[in-house]
Amino acid sequence: MDNTNCILLRFGELFLKGGNRAYFESVLIKNIKSALKGFKFKFVKSQGRYYIEEFPNEDLEEIISLLTKVFGLYSLSPAYKIKTDIEEIKKLAVKISPAEGKFRVTVNRADASVNMRSMDIARDIGAEMFMSSNRLTVDLFNYDFELSVDMRENGFSYVFYKKIACAGGLPYGTGGRAVLLLSGGIDSPVSAYQMAKRGVIIHAVHYHSFPYTSELALQKVHDIAKKLAPYIPDMRLTVVPFTDIQTEIHKNCPSDFMITIMRRFMMRIAERVAKENGAGALITGESLGQVASQTIESINCTNAVVSLPVFRPLIGMDKEDIIAIAKKIDTYEISIRPHQDCCTVFLPKNPVIHPKLKDAEVYESKLDITALEDSALQKS
Ligand code: ATP
Ligand code: MG
């Protein structure tokens, strides 16, 4: 059984933040602790490093999996914390290391009571490992694994060799607040992830066309929110009924402008939600040229109705790359469930690909925009 009794955490970009560093760290620590709520553990901060200790061994894997999703953490190492004793460390090094491969040993000695030089300790440990297996060789430059020994001032040492990549980015909550237009599709959940990675708090708005779209379409969005929860804890979700608006557009506007005008409503309503909730930007999952509604002209038509900045983190990405992220964050399988989303209701045969802003404005002027939006928001 793996007796790892400690996890060493590393954070990266925070160092760049100069004067803000204390604030970024405090948010990161709060997020780490809340990611692990429900588990028994002790959080230790020492010499600019964080450690998770005193957790039951059976929770190790789950704790690691949750920590890899905390933005602001760059990597972690499952480690063994033992009383500093070079003979014991040698035994441990042999016990935990892979039995074959090229390796090196690095020792960091912050404990002045150990009266041996780091280099000599490393050589001693390396020799012991080398003797333990004839398939282990030392290579200081081109190694398969690095066994690290960190001898702290308090008389304890951390011994580890595995390094697991974490989510990176900036701590969630340090980047302001934005409203995300969240469909049940592949793209918008990836957008949520990308912006949350820059620290932005996400408030999702979903437009629902009941009864044209089923409860299962809405369930998809709830399931996506659940999948995003380790990255985006407690994401707010506002569900806005959209059927009346769609029906009115369908009745009064040319069918080739259906999508353009629908999108304009989506953007305006999202902006209202943003302003009511103190959010300073909107986020969409648009990617240039992906579909008719994502040409420069279409984006111009939908962008024109809002004054807040609109973030489109996927704008220059290929679908393949977006899908790779969707798979990594595990939203992909939910997104490809077949339930229709509101955009396919009243879908015109030939949506306009290069809509003119003037035309959209003229067609839309037949509608009582504010009343339609008020009513939808009241029912949200
Ligand atoms: P996605 O995979 O995110 O649905 P898509 O490639 O299907 O994107 P569109 O359907 O054209 O593209 O939607 C573009 C963007 O409009 C979406 O990424 C999302 O931000 C927003 N959007 C579309 N439908 C909805 C909806 N029902 N509720 C909220 N936002 C939506
Ligand atoms: Mg879609």
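The following exercises, each with a worked solution, concern a predicted model of a protein chain.

**Exercise 1. The two domains**

Task: State which residues form each domain and how many ångströms separate the domain centres.

Solution. Begin with the domain assignment, which places residues 6-165 in domain 1 and residues 177-378 in domain 2. Next, take the C-alpha centre of each domain; the two centres are 44 Å apart.

**Exercise 2. Helix α6**

Task: Compare the expected span of helix α6 with the distance between its end C-alpha atoms, and then describe its start and its surroundings.

Solution.
1. Helix α6 consists of 14 residues, 215-228. The expected span is 1.5 Å times one less than the number of residues. This gives 20 Å for α6, and because the end C-alpha atoms are also 20 Å apart, the two values agree.
2. At the N-terminal end, Ser214 acts as a cap of α6: one of its side-chain oxygens is 3.1 Å from the backbone nitrogen of Leu216.
3. The buried residues of α6 include Ala217, Leu218, Val221, Ile224 and Leu228. Lys220 and Asp223 also belong to this buried set.
4. Among the elements that cover these buried residues are α5 (187-196), β11 (201-208), β12 (236-241) and α11 (332-335).

**Exercise 3. Helix α5**

Task: Determine how many residues of α5 are buried.

Solution. A residue is buried when its relative accessible area is under 20%. In α5, 10 of the 10 residues are buried, and therefore this helix is largely enclosed by the rest of the structure. The buried residues include Asp187, Pro189, Tyr193 and Met195.

**Exercise 4. Two residues between α6 and β12**

Task: Decide whether Asp234 and Met235 are buried or exposed.

Solution.
1. Asp234 is located in the loop between α6 and β12, and Met235 is in the loop between α6 and β12 as well.
2. The relative accessibility of Asp234 is 70%. The cut-off for exposed is over 50%, so Asp234 counts as exposed.
3. The relative accessible area of Met235 is 13%. The cut-off for buried is under 20%, so Met235 is buried.
4. The backbone of Asp234 has a positive phi of about 55°, although Asp234 is not a glycine.
5. Leaving out residues up to four places away in sequence, Met235 touches Leu182, Ile202, Ala204, Ala225 and Leu228.

**Exercise 5. Helices α7 and α8**

Task: Describe how α7 and α8 pack, and examine Thr260 in α8.

Solution.
1. Helix α7 (residues 243-252) packs with α8 at an angle of about 145°, and the axes are 10 Å apart. The crossing is right-handed.
2. Where the helices meet, α7 contributes Ile245, Gln246, Ile249 and His250, while α8 contributes Met258, Ile261, Met262, Phe265 and Ile269.
3. Thr260 lies in α8, which covers residues 258-276. Its relative accessibility is 7%, so Thr260 counts as buried.
4. Apart from neighbours within four places in sequence, Thr260 contacts Cys301, Thr302, Val352, Pro355 and Ala360.

**Exercise 6. Backbone details in two loops**

Task: Identify which residues a cis peptide bond joins, and classify Asp330 by its accessibility.

Solution.
1. The cis peptide bond is between Phe210 and Pro211, with omega about 5°. Pro211 is in the loop between β11 and α6.
2. Asp330 belongs to the loop between α10 (319-328) and α11. Its phi is near 70°, a positive value in a residue that is not glycine.
3. The relative accessible area of Asp330 is 38%, so Asp330 is partly exposed.

How values were computed: Residues numbered from 1 in each chain as written. Chains lettered and ligands numbered in written order. Predicted model: local features only at pLDDT ≥ 70, side-chain atom pairs only at ≥ 80, totals over all residues. Heavy atoms only, no water. Domains from an automatic or database assignment. Helix = DSSP H or I, 4+ residues; strand = E, 2+ residues; numbered from the N terminus. Buried < 20%, exposed > 50% of the residue type's maximum accessible area, 1.4 Å probe, protein only. Contact = heavy atoms within 4.5 Å. Polar contact = N/O pair within 3.5 Å; in protein donor to acceptor, adjacent residues only side chain to side chain. Axes fitted to C-alpha atoms, helices over the stretch in contact; angles between N-to-C directions. Left-handed = near helix turned anticlockwise from the far one by under 90°.
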